[in-house]
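I opened this notebook to record what I looked up in the structure, entry by entry. The topics are cysteines, nonpolar cores, one arginine and the salt bridges.

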Amino acid sequence: MTAPLRRRALLGASAGAAFGILGAGCRDAPPAGWSAHWVGSSPLRGHRLREARSGTLPTAAVQRRARVLIVGAGIAGLSAARACLRQGVDDIRVLELEDSAGGNSRGHTLAGLACPLGAHYLPLPGPAAHEVAEWLHELGLLRHELGRTVADERHLCHSPQERLFIDGAWIEGLLPPAEAGSATLAQYRTFAAAIAQAQRSVGFALPSHRAGWTAAHQALDAGTFAHWLDARGLRDERLRWYLDYACLDDYGAPADTVSAWAGLHYFASRHGFQAPGDADGERDPVFTWPEGNAWLATRLAAPLGDRLLPGRTVLQVDEGRHGVHVLAWDEAAGHAEAWQADTVVLAVPLFVAARLMRQVPAALEALVPAQPHAPWLVANLHVTEPLLQRQGMPPAWDNVVYGRHELGYVDAMHQSLRPVPGPTVLTAYHAMTASDRPALLAGEAADWARRVVDGLTPLHPDLPGKLARVDLTRHGHAMSIPVPGLRGHPALAALRAGRGRVRFAHADLAGYSVFEEAFTLGAEVAGFGSSTTPRPWPAASSSRRG
């Protein structure tokens, strides 16, 4: 999303579905007037690890030491660093692959306008996510007022929040409408009742481990969400489109891929599900900024100062009896550096952690094949003047298209206070399958940008003439997909409970990727999560022998 990458909706389940047949209508370059560029993540740095594993490791040019070394500056890694500082452990260093912290929550500036490269909003935290709530209070985003918790409305999503393009017009909200007395409305109400029943009888929370794990959870984790829906006769086209959309939102995969536990968790752990006419019509409030969750990541990283070391590609982690040896490549200096630490926190995707460790724990080795990841493409489009609008609801922050595998866009300047519309950046998100990853890596920016623009042009025929530039970011392994059997895999619990010199803190440990999970896991790895027994760091040692 690394920091969890989270979208309210994604484009289809594959690049072929999202953009039409690959190559159809593509051009070698975009038309005159706008350009396309890759920005953000550097695949070459990540692939340096692959090359190191297949060849000889470089010799370190310098030797360094830290009591705690954190690998990865996504939200989990930054939260773990914050927990260290709160414990009084300030001899820490955070090694980050990219040139800035935040992982999938990094931001970007296009034509002077802030925009996200990944995750772009945070819902108000529920009662189980109290570490997140505590930090938001520190930031001033939440405050206590007359016995209630109140959010700073300046940072909440401005109205209108969401709209859906359906039946030739824009409507408010993202749930497709249903006529009174229709079969669709009946199915909406049946599903709403099922969610309420699951909340009462099974139990869900965010972070998910705070609801416990019972035989009922395990049964839901055994099959797909689509199968669960089919078994209850929930086959209405509009309902199923919306539920696919919801699964793509958090998981990067549709209902026939994720587990029934994951599908229910999306609704039951937070806001439930309400059929049209059965709720007060208020949208769920969310925090958001033009740069998305980079606003949060920047503030989480700021206290680290020079303890944060960007541009470091970690090549190997070797746990010994008296410490942990880490070999990293300094991209700016162009040489390797050797680190000695008492404790190392691997705040990276678990499949990356397995590649880094010289001796891979059995739990990690068993888990990696069971945990697929969804690749994403994020496109930021600089539009020089307001677009002409179709009939229906006026422009909103989140703009979604019904019935196609294309999302539409988020308007980064929706949060601005400017009095009249003007230039903006539209951010489009595309979820893909693993089979699309090679094309995403090898493709030309102009080719991918053309596909994005072609997907949006039916909504806004004047878009190509008002477009100045498209900046694209590819996330090869953006988010863990909670396929059946993953959330209940015993290896996840084993890795979360680890007390050795190498510990794990990443949203992958929850089986899916959202901010609240990553932040909480980072806090818990240092014993600051209230649901875990404190795990003190190993005593500091001056020994340099493994």
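Is C247 buried or exposed? I am working from a predicted model, and in it C247 is buried, with a relative accessible area of 1%. I then looked up C157, which is also buried, at a relative accessible area of 12%. When I searched for disulfides, the count came to 0.

Entry on the nonpolar cores. I found that the largest core holds 88 residues, and that the members touching the most other members are F191, F225, W228, F273, L346 and F504. Helix 8, residues 237-251, gives this core its largest share, with 9 residues. I followed F225 further and, leaving aside residues up to four places away in sequence, listed its contacts as F191, L243, C247, A255, V258, S259, A260, G263 and L264. The cysteine with which I began, C247, is thus among the residues that F225 touches. I also noted a second, separate core of 40 residues, which includes A73, A80, A81 and V525.

Entry on R474. I located this arginine in strand 20, which spans residues 467-480. What caught my attention is that R474 is buried yet has no salt bridge, the nearest side chain of opposite charge being that of E444, 8.1 Å away. I therefore checked backbone oxygens, since a polar contact requires N or O atoms within 3.5 Å. The side chain of R474 reaches the backbone oxygen of L440 at 3.2 Å, and a polar atom of the same side chain lies 3.0 Å from the backbone oxygen of L441. Beyond residues up to four places away in sequence, R474 touches W38, S41, P43, W376, L440, L441 and G443.

Entry on salt bridges. My search of the whole structure gave 20 of them. In one, R86 pairs with E134, with the closest N and O atoms 3.0 Å apart; because R86 lies in helix 3 (residues 75-86) and E134 in helix 4 (residues 130-139), the pair ties together parts that are 48 residues apart in sequence. I recorded R86 as partly exposed at 37% relative accessibility, and E134 as partly exposed at 33%.

I then turned to R451 and D447, whose side chains meet in a salt bridge at 2.3 Å, N to O. Both residues lie in helix 14 (residues 445-456), 4 residues apart, or about one turn of the helix. R451 is buried at 10% relative accessible area, and D447 counts as buried at 16%. Finally, I noted that R64, R312, D330 and E337 are joined into one network by salt bridges that share partners.

Conventions: Residues are numbered from 1 along each chain as its sequence is written. This is a predicted model: local features need pLDDT of at least 70, side-chain atom pairs count only at pLDDT 80 or more; totals for chains, interfaces and linings use all residues. Side-chain values use heavy atoms; hydrogens and water are left out. A disulfide is a pair of cysteine sulfur atoms within 2.5 Å. Buried means under 20% relative accessible area, exposed over 50%, partly exposed in between (1.4 Å probe, protein chains only). A nonpolar core is a set of buried Ala, Val, Leu, Ile, Met, Phe, Trp, Tyr and Cys residues joined through side-chain atoms within 4.5 Å. Helices (H or I, at least four residues) and strands (E, at least two) are DSSP runs, numbered from the N terminus. Contact means heavy atoms within 4.5 Å. Lys and Arg count as positive and Asp and Glu as negative; His and the chain ends are not counted. A salt bridge is a side-chain nitrogen of Lys or Arg within 4 Å of a carboxyl oxygen of Asp or Glu. A polar contact is a pair of N or O atoms within 3.5 Å; within protein, one must be able to donate a hydrogen and the other to accept it, and residues adjacent in sequence count only if both atoms are side-chain atoms.
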